[in-house]
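Hi everyone, thanks for coming. I'd like to walk you through a structure this morning, so please have the viewer open and follow along.

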Amino acid sequence: MEIAYLLREVAPMVLGVLARRFGDFDAAEDAVQEAMLAATMQWPRTGLPDNPRAWLIQVAQRRMADAVRSDIARRNREVTAATRDVQPPSDIEPAREDTLTLLLLCCHPALSPASAIALTLRAVGGLTTEEIAHAFLIPEATMAQRISRAKKRLATLERPFASSARTETAAWADRRDSVLHVLYLMFTEGHTASTGEAVHRADLAAEAIRLTRIAQRLRPDDPEVTALLALMLLTDARRAARTGPGGELVPLPEQDRTRWNRTQLTEGIRLATTAITAGLDGPYRLQAAIAALHAQARRAEDTDWPRILLLYTKLAALTPNPMITLNRAVATAMVHGPAAALALTTDLEPALSTSHRLDAVRGHLHEMAGDRTEAIACYTAAARRTTSTPERDYLLLRAARLRQ
């Protein structure tokens, strides 16, 4: 298990080195996979090397060099790089943040934002195609095609992964929105796993926070980067309270707020306040402000729902999105009642036809309105659609309680 976690941590760094050195993402990804396979076979017998990252880079470089030498005619532009002597482990810079470099490079301007985000989630975040499809609310086959097209597009470019400090600075201006969205989606999948037996994937959420901290250190004057980090910390602070003794899902109103991480809350509120001073004209600043209001409420009934509703209304106008509308509906119910909230959900079915969340929210709203029959039907429909075991169990439990 220790080896598996280690490989997950260093794989994006190794891929970043090879992609930058050889300029071929697809081949670099294949070489890294072969190196990781070799590691899983050798390290249990020989023990971990002194520098696992350098070991993987060295093995992966040899795999790429062998592949290039066997097909020189087709890969002339990689010959010079591939036939150079493989760098010894001691010569590989340990301090370079290759994961963030890979993040920037995957968000190439030649790719559409959706393709860049999908490719980066696969290469940097380590998500499966199924998990990425859930994040985008599209079928898995469609997402697989999108990732494949992104790789093929990069293959047509002349050394798209060649980089330097100067080009990375210029790349930030072009790719900032895609990079932030990638980090946001990565954290979202870590905070609420779309599939499997666990409510969250702490390792993925932690990686998203780590990368966002790096981005915030590099761009401390960008209020949206600071706000995104604040949003992650304020949200992740609730992680311990989101599950019960048996791993069951505990919704926000029922959480024991004494279990929230006070250190993360304090830092998150400080960062959110700093970001908001630049104005509430960015989507992450608005979401960080909403998260801060939740964090500052000592009890669920103390939540400032009127202000949260105002922020969601502004957010929906700034970045129209069905999930934002759904969250706005919940806030509307807390201020104006469930009937007004249900009216906001009437036009969301086409956009959320593959997601369970619309039925889940409608079940909650019908329950608030006292319509048990509709609430049970919605909870049951949502349970059938979700691929998360804790969410399914929670929804079925809500329906069962209403039947009683």
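I'll go through aromatic pairs, a helix and a loop, the cysteines, and then the salt bridges.

One thing before we start: this is a predicted model, so please keep that in mind as we look at side chains.

Let's begin with the aromatics. How many aromatic pairs does a search of the whole structure find? It comes back with 2.

Take Trp43 and Trp55 to begin with. Their ring centres are 5.2 Å apart and their planes meet at 65 degrees. Planes over 60 degrees apart count as edge-to-face, so that is what we call this pair. If you trace the backbone, you'll find Trp43 in helix H2, residues 25-46, while Trp55 belongs to helix H3, residues 52-69. The two are 12 residues apart, and the pair links distant parts of the chain. Are these tryptophans buried or exposed? Trp43 is buried, at 3% relative accessible area, and Trp55 counts as buried too, at 18%. The cut-off for buried is under 20%, in case you were wondering about that 18% for Trp55.

Now please move over to Tyr184 and Tyr284. Here the ring centres are 5.7 Å apart with the planes at 55 degrees, so this pair is tilted. Tyr184 sits in helix H9, residues 165-191, and Tyr284 in helix H13, residues 283-296. That makes it a pair that ties together parts 100 residues apart in sequence. As for their surroundings, Tyr184 is partly exposed at 23% relative accessibility, whereas Tyr284 is buried at 9%.

While we're on rings, have a look at Trp260. The charged end of Arg238 sits over the Trp260 ring, 6.0 Å from the ring centre.

Next, a helix. Could you colour H6, residues 113-123? Why do I describe H6 as largely enclosed by the rest of the structure? Because 8 of its 11 residues are buried. Those buried residues are Ser115, Ala116, Ile117, Ala118, Leu119, Thr120, Leu121 and Ala123.

From there, let's go to a loop. Leu137 lies between helix H7, which covers 129-136, and helix H8, which covers 140-155. At 28% relative accessibility, Leu137 is partly exposed. What does Leu137 touch, once we set aside its neighbours within four places in sequence? It is in contact with Leu352, Thr354 and Ser355. Ser353 belongs in this picture as well: its C-alpha atom is 8.6 Å from that of Leu137, although the two residues are 216 apart along the chain.

A quick word on cysteines. The structure holds 0 disulfides. Cys107, for example, is in none, and the nearest cysteine sulfur, that of Cys106, is 6.8 Å away. Cys107 is buried, with a relative accessible area of 3%. Cys378 is buried as well, at 9%.

That brings us to charges. As a general reminder, side chains of opposite charge can pair when their charged atoms come close. How many salt bridges does the structure hold? There are 18, and I've picked out some of them.

Let's return to helix H13, where we met Tyr284. Arg285 forms a salt bridge with Glu224, at 2.9 Å from N to O. Arg285 is in H13 and Glu224 is in helix H11, residues 223-236, so to speak of distance along the chain, they are 61 residues apart. Both ends are out of the way of solvent by our count: Arg285 is buried at 7%, and Glu224 is buried at 4%.Another salt bridge joins Glu367 and Arg398, with their closest N and O atoms 3.0 Å apart. Glu367 is part of helix H17, residues 357-369, and Arg398 is part of helix H19, residues 389-403. They are 31 residues apart, and this pair also links distant parts of the chain. Glu367 is partly exposed at 26% relative accessibility, while Arg398 is buried at 13%.

Then there is Asp304 with Arg307, where the closest N and O atoms of the salt bridge are 3.9 Å apart. Asp304 is partly exposed, at 27%.

Last stop: which residues are linked with Arg176 in a network of salt bridges? They are Asp177 and Asp222.

That's my tour. Thanks for listening, and I'm happy to take questions.

Notes
Residues are numbered from 1 along each chain as its sequence is written. This is a predicted model: local features need pLDDT of at least 70, side-chain atom pairs count only at pLDDT 80 or more; totals for chains, interfaces and linings use all residues. Side-chain values use heavy atoms; hydrogens and water are left out. Rings of Phe, Tyr and Trp (its six-membered ring) pair if their centres lie within 6.5 Å; planes under 30 degrees apart count as stacked, over 60 as edge-to-face and the rest as tilted. Helices (H or I, at least four residues) and strands (E, at least two) are DSSP runs, numbered from the N terminus. Buried means under 20% relative accessible area, exposed over 50%, partly exposed in between (1.4 Å probe, protein chains only). A charge sits over a ring if NZ of Lys or CZ of Arg is within 6 Å of the ring centre and within 35 degrees of the ring normal. Contact means heavy atoms within 4.5 Å. A disulfide is a pair of cysteine sulfur atoms within 2.5 Å. A salt bridge is a side-chain nitrogen of Lys or Arg within 4 Å of a carboxyl oxygen of Asp or Glu.
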